[in-house]
Amino acid sequence: MMNLNQGPTCTDAATSTISPRDLACVGPVFLDVLFTPFAQLPRLGEECHTESVALAVGGAANVARAAAALGIDVTLATELGDGPITQLVKPMLEADGVGLGASVTLEGWDVPCTAAIPHEGDRMFYTGGLPSAPLATTKRVLSEQARHLTVSLEREDMPLLAGERERGTRIWADVGHDDSGAWDPAILRHLEHCYAFCPNDEEATRYTRTNGALDAARVLAERVELVVVSRGREGLVAIDSGRGEVLERPGFIVERANATGAGDTLVAALVTAIAAGRALGDALDFAQLVAAARVAGAAAQGMPPGREALSAFASQYGEKEQELVEETLDQLSSR
């Protein structure tokens, strides 16, 4: 059996001649095996069947694939291996319109594989193989430059952030759930290099020791120019500290709900709208609409919504929502 995590050595991927890109997405990726919701979990020795299963590339690729589906020129800055799972992952990313010029190859290692099982309104995950060290903690700048960059904050030092900020990149950060329960606010030190921070309400309140999304956003706005705190079905809160704007937006209610990838899709859509030149309020509305379309399964399973699926989904809500989609994507393509 292959040991997927033994003795990796790093070699840089070939540098692309396309520079700068619209967006670089930094972080580890996984090959996700996506099952349709289980009616029940199997007992020991029992085999259960779902209607379908799909393969998709997750992790940092969730943001990259969602942005590419909206028409953003995106590169993925991640660690790829030389094993059979990586050989599946590469053509899948390329088919989704995601470039790999900012990625590196780790010899003797392979991309981890995750089974994602939706059940009773939530999800369960089982991952085989371990992710490599985050690229942002080992690289000072990317081999391929972008105007915007998305990254998840780590406890370790992240030298890439300072390097990217120095060459003019707008850095959009999020942060993961802290399974240790410590919610150490020291992780927020990285925000000094960031343009925007996009946590969910639990992450925002836990790290700031506050009791609500708006209070948390106010605390975070002292550290970073733009804060967007997502609240799921309840919508989001945003503060642009540079302009002094405080905005709240209700969420879109959808009947069919599979939240896998919704947060990453929201960030990708928000970056897309800002890159297209939309004002913050319109960008927030667009991002929530795209995320709701992902939750509702507007595209195929495991796929982010593109223009056609998004326009059809928006038409269910009204002419204003459909115009928002068309105008935003038209502005993006006409730059």
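This passage describes the sheet, two helices, one histidine and the cysteines of a predicted model. Local features were taken at pLDDT of at least 70 and side-chain atom pairs at pLDDT 80 or more, while totals for chains, interfaces and linings use all residues. Residues are numbered from 1 along each chain as its sequence is written, and side-chain values use heavy atoms, with hydrogens and water left out.

Helices (H or I, at least four residues) and strands (E, at least two) are DSSP runs, numbered from the N terminus. Two strands are taken as paired if DSSP finds at least two bridges between them. On this basis, nine strands form an open sheet with mixed pairing. Their order is β7-β5-β2-β11-β12-β13-β14-β15-β16. The edges are held by β7 (98-99) and β16 (245-249). Each has a single partner strand, so one side of each lacks a neighbour in the sheet. Within the sheet, β11 (residues 146-152) and β12 (residues 170-174) run parallel and are joined by five bridges. T150 lies opposite W172 of β12.

Two helices were examined against these strands. Contact means heavy atoms within 4.5 Å. Buried denotes under 20% relative accessible area, exposed over 50%, and partly exposed in between (1.4 Å probe, protein chains only). In helix α3 (residues 159-166), the buried residues are L160, L161, G163 and E164. The buried residues of α3 pack against β11 and β12. Just after α3, G168 adopts a positive phi of about 90 degrees. Helix α7 (residues 280-295) lies across β14 (226-230), β15 (236-240) and β16. The helix runs at about 25 degrees to β16. Axes are lines fitted to C-alpha atoms, for helices over the stretch in contact, and angles run from 0 to 180 degrees between N-to-C directions.

H190 sits in the loop between β12 and β13 (196-197). Its relative accessible area is 5%, so H190 is buried. Neighbours within four places in sequence aside, H190 contacts L153, E154, R155, E156, D157, M158 and L161. L161 is also among the buried residues of α3.

The cysteines were then considered. A disulfide was defined as a pair of cysteine sulfur atoms within 2.5 Å. By this rule, the count is zero disulfides. For C25, the closest cysteine sulfur is that of C198, 12 Å away and therefore too far for a bond. C25 is buried, because its relative accessibility is 1%. C113 is likewise in no disulfide, and the nearest cysteine sulfur, in C48, is 20 Å away. With 24% relative accessibility, C113 counts as partly exposed.
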